[in-house]
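Open the model in your viewer and keep the selection tool at hand. We will go stop by stop.

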Amino acid sequence: MENNLKKNTIWHTIGLTLNSFNSLFFLIIVNRINGVNIGGIFSFAFSLSCLLYMIAIYSGRTYQVSDVNKELNDYDYLLHKVITCLLMMAVAIIFISIKNYTVEKNIIIIILCLYKCLEAFSETFYGYLQKNGKLYVVGKSLFFKSLIGILIFFVVDVVTRNIILSSFSLVVINILFAIFYDVRKSKKYISNENIDTNNILKLFKKGFSVFSFSFLSSYVANAPKYIIDMLLSDSFQNIFGIIIMPGTVMSLCGQYIMAPLLTDVVDCYNRKMYIKLKNIVFKMIKILICLGIFVELVAYILGIPVLNLIYGINLNNYRIDLILIIFGAIFYAISGIFSTVLITMRKNNMQLVIYILSSLVITLSSYLLVINFGIHGATYAYVVTMVFHALTYFLYFMFEYKKLKS
């Protein structure tokens, strides 16, 4: 049992990590082979597909895996996923119909949305596997799908220098993995039951808060990109996509710091050891801040030269932007720690309000600052919003903590 738990944890972590960073490799390849303008189009299209992915994923695997009492059957979850995937693609088509993009940009957006849509579709099969203790199979799927996807994308792009064909190769890889790995590995765990449409509606209702939370979380992290798309050229989109990538890595560090201490947080809360709970939370934040200071120093000295070398473009004018982005990402990671603890405390509704407020702040500030300061304005908007977001989370956490102690 312990060996299986170890195998599940290792493989799932490896698979999830590579899957989270594959966009980094895609962007390096596109910049090196296709140039900065295509890089900007790809960066925006990938970011948009990740946002719309939240529609397809909806409430994720969480409700499916935790449904131990079989409120919904396996086919209900599968049909629900088919509907959300179709909704995602419909929104993507409506979006490009409204915007006045080139044909090439429209095609890239649709292809990358289809790529992420297929990822979401596989999530239901991952749910079947995870529920039956086969999380390591999920990790292997994520790992090999990402690794082979990166390699095939690179080979196709080198040979054809055509970003549409390169992107479409990712769709083919996902289809093949879905059919020959995800479905094949999970089909023996799928029970053959009749679909209940009332259950589908119930799942939409129960998962709405999680969906809203996830959607706004993705939007807040990427909103400056959508404003840049409105106001600046694709080359600036590419630059911002590159300098924000280290910030994304910094945000993920918060999750890695949180993961090993999450059981302690849950245990302290359940045993009403609230002072110890608070100490653990602020210990994690101190670790994150120390790590952030170290990353800032490294980024100041080596960040831009390394990015210049990796991407093959001159980013010397954006050293301050990189430092500010990482600074903002530290605050976003801190808010992620508060968020996880508040979820443990079952305090979710107010978190949705916080994300709505942060969405408004980053949308308005991005628009105003990009108009006045160009791409640097996108950086300023990101930093201002992340500080606001973390401060709001801190105040709400302290409010709930004081209620626990009283």
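## Stop 1: the largest cavity

Helices H3 (62–66), H4 (74–98) and H5 (103–131) each give at least two residues to the lining of the largest cavity. This is a predicted model. Select Ile57, Ser59, Gly60, Tyr63, Gln64, Tyr77, His80, Lys81, Glu123, Thr124 and Leu203 to show that lining. H4 provides the largest share of it, 3 residues. The volume of the largest cavity is about 90 Å³. What classes of residue make up the lining of the largest cavity? There are 4 nonpolar, 5 polar and 2 charged residues.

## Stop 2: helix H8

Leu203 belongs to the lining you just selected. Leu203 is also a buried residue of helix H8 (residues 197–206), along with Asn199 and Ile200. Look down the axis of H8: the buried residues fall within an arc of 105°, so they line one face of the helix. Now turn to the face of H8 that points away from the buried side. Select the exposed residues Thr197, Asn198, Leu201 and Lys205 there.

## Stop 3: the second largest cavity

How many cavities of 30 Å³ or more are there? The count is 2. The second largest cavity has a volume of about 50 Å³. Select its lining: Asn19, Asn22, Phe26, Tyr115, Glu119, Lys145, Ser146, Gly149, Leu170, Ile173 and Asn174. Helices H1 (2–34), H5, H6 (135–160) and H7 (163–186) each give two or more of these residues. By class, this lining has 4 nonpolar, 5 polar and 2 charged residues.

## Stop 4: Ile150

Move to Ile150 in helix H6. Is Ile150 buried or exposed? Its relative accessible area is 11%, so Ile150 is buried. Next, find its contacts beyond the neighbours within four places in sequence. They are Leu18, Asn22, Phe25, Phe26 and Ile29. Of these contacts, Asn22 and Phe26 also line the second largest cavity. Draw a distance from the C-alpha atom of Ile150 to that of Asn22. It should read 7.0 Å, although the two residues are 128 residues apart along the chain.

## Stop 5: aromatic rings

Show the aromatic side chains. The whole structure holds 31 aromatic pairs. One of them is Phe121 with Phe125, an edge-to-face pair with 5.3 Å from centre to centre and 70° between the planes. Phe121 and Phe125 are separated by about one helical turn, because they sit 4 residues apart in helix H5. Phe121 is partly exposed, at 24% relative accessible area. Phe125 is buried, at 5% relative accessibility.

Now select Phe177 and Tyr181. Their ring centres are 6.2 Å apart and their planes stand at 55°, so this pair is tilted. Phe177 and Tyr181 lie 4 residues apart in helix H7, which means about one helical turn between them. Phe177 counts as buried, with 14% relative accessibility. Tyr181 counts as buried as well, at 18%.

Which residues form one aromatic cluster? Select Phe26, Phe42, Phe46, Tyr115 and Phe153. Phe26 and Tyr115 were in your earlier selection too, as part of the lining of the second largest cavity.

## Stop 6: the second largest pocket

Leave the cavities for a pocket. The second largest pocket contains about 360 Å³ of space. It is lined by 19 residues, and Pro246, Gly303, Val306, Leu307 and Ile326 are the closest to its centre. Helices H1, H10 (234–258), H12 (274–311) and H13 (319–344) each supply at least two residues of the lining. Which helix gives the most to the lining of the second largest pocket? Colour H12, which gives 10 residues. Then colour the lining by class: 18 residues are nonpolar, 1 is polar and none is charged.

## Stop 7: Ser359

For the last stop, select Ser359 in helix H14 (residues 349–373). Ser359 counts as buried, at 8% relative accessibility. Set aside its neighbours within four places in sequence, and show what else touches Ser359. The contacts are Leu216, Tyr219 and Val220.

Definitions and conventions. Residues numbered from 1 in each chain as written. Predicted model: local features only at pLDDT ≥ 70, side-chain atom pairs only at ≥ 80, totals over all residues. Heavy atoms only, no water. 1 Å grid on protein atoms, 1.4 Å probe; cavity = no way out; pocket = protein on both sides within 12 Å on 5 of 7 lines; lining within 4 Å. Points joined across faces, edges and corners; volume = space filled by probe spheres on them. Nonpolar A, V, L, I, M, F, W, Y, C, P; charged D, E, K, R; others polar. Buried < 20%, exposed > 50% of the residue type's maximum accessible area, 1.4 Å probe, protein only. Contact = heavy atoms within 4.5 Å. Arc of directions from axis to C-beta. Phe/Tyr/Trp six-rings, centres within 6.5 Å; stacked < 30°, edge-to-face > 60°.
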